Amino acid sequence: MPAQIIDGNQLAKQIRVDIATRVAILTAKGIKPGLAVILIGEDPASQVYVRNKVKACEDVGMFSLLEKKPADTTEASLLQRIAELNADPNIHGILVQLPLPKHIDSHRVIEAIAPEKDVDGFHVANAGALMIGAPLFRPCTPYGCMKMLESIDYPIRGARAVIVGASNIVGKPMAMLLLQAGATVTICNSKTKDLSAHTRDADILVVATGKAKMITANMVKPGAVVIDVGINRIERDGKVKLVGDVHFESASKVAGAITPVPGGIGPMTTAMLLVTWPATFDVVVTENLFGDILSDEAAVLAGSLGMLPSASLGA
């Protein structure tokens with residue numbers, strides 16, 4: 001029996017409709033959520049990603065500020081602009097599109113963003129908060145994967161989850177989210193021996209390697225849920241085609257459910273950006289309007305980091 005296709009486009013559309021309603025309520029209260037996006041250089045893929053993010057914000061009624069800078073922009077000038085945006089009360093979220101040119105230290109740039117405006121959730125304060133189970137921001141791609149599992153009512157608790165790819169952007173935060181949901185998690189990387197032995201044991205298989213079609217049907221447990229995070233461009237017959245890290249045609253005959261590429265996690269990543277980043281608003285507003293309750297532990301952590309006003313903590 002063919003696998004259930006988890007439609008990221010449809011799910012993302014539903015999320016955007018919901019967020020648009022909630023943003024309208026915020027706007028009526030005098031709060032206009034504002035996102036600043038900085039793009040350095042002319043990387044074609046980055047331009048597409050940034051354009052989609054800006055459009056998504058505008059479509060749901062959020063304010064977006066797109067700043068395009070040349071590839072020879074200095075690190076010092078970029079850090080100065082981030083400092084200005086940190087201090088801008090009309091900007092509630094800051095996103096610097098990665099990758100950056102080689103002469104700019106990505107780590108320094110990420111750490112320069114105020115944690116309460118770090119919409120990607122990459123700042124060390126936000127990564128640490130995620131690790132202890134009190135996230136202020138959940139990285140958008142792993143968060144989107146969790147929502148896709150939720151959309152098919154998959155019972156994560158007690159499931160065996162295997163993540164292929166150990167990046168700070170997807171693999172590691174994905175492991176934390178699955179672990180917190182009660183899964184038993186294994187992370188595989190480029191040095192993992194007998195990768196197939198791990199993947200065939202997975203009830204939930206998340207693949208984020210950047211290697212086109214590397215996971216084939218014989219590496220998938222029958223009935224497993226396969227989340228394909230990869231987006232690879234391959235040329236065939238003079239045309240460019242998008243494919244994932246999973247060989248969809250064969251794996252979909254074995255898996256119980258699978259995400260397609262395109263139309264899977266891609267649109268969900270953009271949609272989850274709209275959900276995760278208004279963490280500087282009052283906790284009650286975030287709880288009521290954005291669905292994901294900020295726990296007491298997270299609120300206390302936020303206060304200790306200066307990430308929320310004291311009134312938000314009930315002081």
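Here are some friendly notes on the strands, loops and backbone details of this predicted model.

1. **The six-stranded sheet.** A good place to start is the open sheet built from 6 strands, which follow the order β1-β11-β8-β7-β5-β6 with parallel pairing. At its edges stand β1 (4-5) and β6 (184-188); each has a single partner strand, so one side of each is left without a neighbour in the sheet. As a reminder, strands of a sheet pair through backbone hydrogen bonds, in either a parallel or an antiparallel arrangement.

2. **The β1 edge.** If you go to the start of the chain, you will find β1 paired with strand β11 (residues 257-258) in the parallel sense, over 2 bridges. To find this pairing on screen, pick Gln4, whose bridge partner in β11 is Ala257.

3. **Around β5.** Strand β5 (residues 160-164) is mostly covered, with 4 of its 5 residues buried. In the strand order of the sheet, β5 sits between β7 and β6. Towards β6, the pairing is parallel and runs over 5 bridges, and Val162 has Thr186 of β6 as its bridge partner. Towards β7, the strands also run parallel, joined by 4 bridges; here Ala161 stands opposite Ile204.

4. **The crossover from β5 to β6.** These two strands belong to a β-α-β unit whose helix is α7 (residues 171-180), and the unit is right-handed. It is worth viewing together with the β5-β6 pairing, where Val162 and Thr186 are bridge partners.

5. **The three-stranded sheet.** Another open sheet holds 3 strands in the order β3-β2-β4, again with parallel pairing. Its edge strands are β3 (63-69) and β4, each with a single partner strand, so each has one side without a neighbour in the sheet. On average, and ignoring direction, neighbouring strands of this sheet are turned by 15° against each other. Strand β2 (residues 34-40) is joined to β3 by 7 bridges, and the two run parallel. Ala36 and Leu65 of β3 stand opposite each other in this pairing.

6. **A helix on that sheet.** Helix α3 (residues 75-86) packs on the three-stranded sheet and touches β2, β3 and β4. The direction of α3 makes about 175° with that of β2.

7. **Two cis peptide bonds to check.** Most peptide bonds are trans, but please have a look at the bond joining Leu98 and Pro99, which is cis with omega about 5°. Pro99 is found in the loop between β4 (93-96) and α4 (106-112). Another cis bond runs from Val261 to Pro262, with omega near 0°. Pro262 lies in the loop that separates β11 from α10 (265-276).

8. **Positive phi values.** Most residues other than glycine have a negative phi. Lys213 is not a glycine, yet its phi is positive, near 55°; this residue lies in the loop between β7 (204-207) and β8 (225-228). Asp237 likewise has a positive phi, of about 55°, although it is not a glycine. You will find Asp237 in the loop between β9 (232-236) and β10 (239-243).

9. **A question on Asp237.** Is Asp237 buried or exposed? Its relative accessible area is 76%, and the cut-off for exposed is over 50%, so Asp237 counts as exposed.

Technical notes
Residues are numbered from 1 along each chain as its sequence is written. This is a predicted model: local features need pLDDT of at least 70, side-chain atom pairs count only at pLDDT 80 or more; totals for chains, interfaces and linings use all residues. Side-chain values use heavy atoms; hydrogens and water are left out. Two strands pair if DSSP finds at least two bridges between them. Buried means under 20% relative accessible area, exposed over 50%, partly exposed in between (1.4 Å probe, protein chains only). A crossover is right-handed if, with the strands pointing away from the viewer, the path from the first strand over the helix to the second runs clockwise. Axes are lines fitted to C-alpha atoms, for helices over the stretch in contact, and angles run from 0 to 180 degrees between N-to-C directions. Contact means heavy atoms within 4.5 Å.
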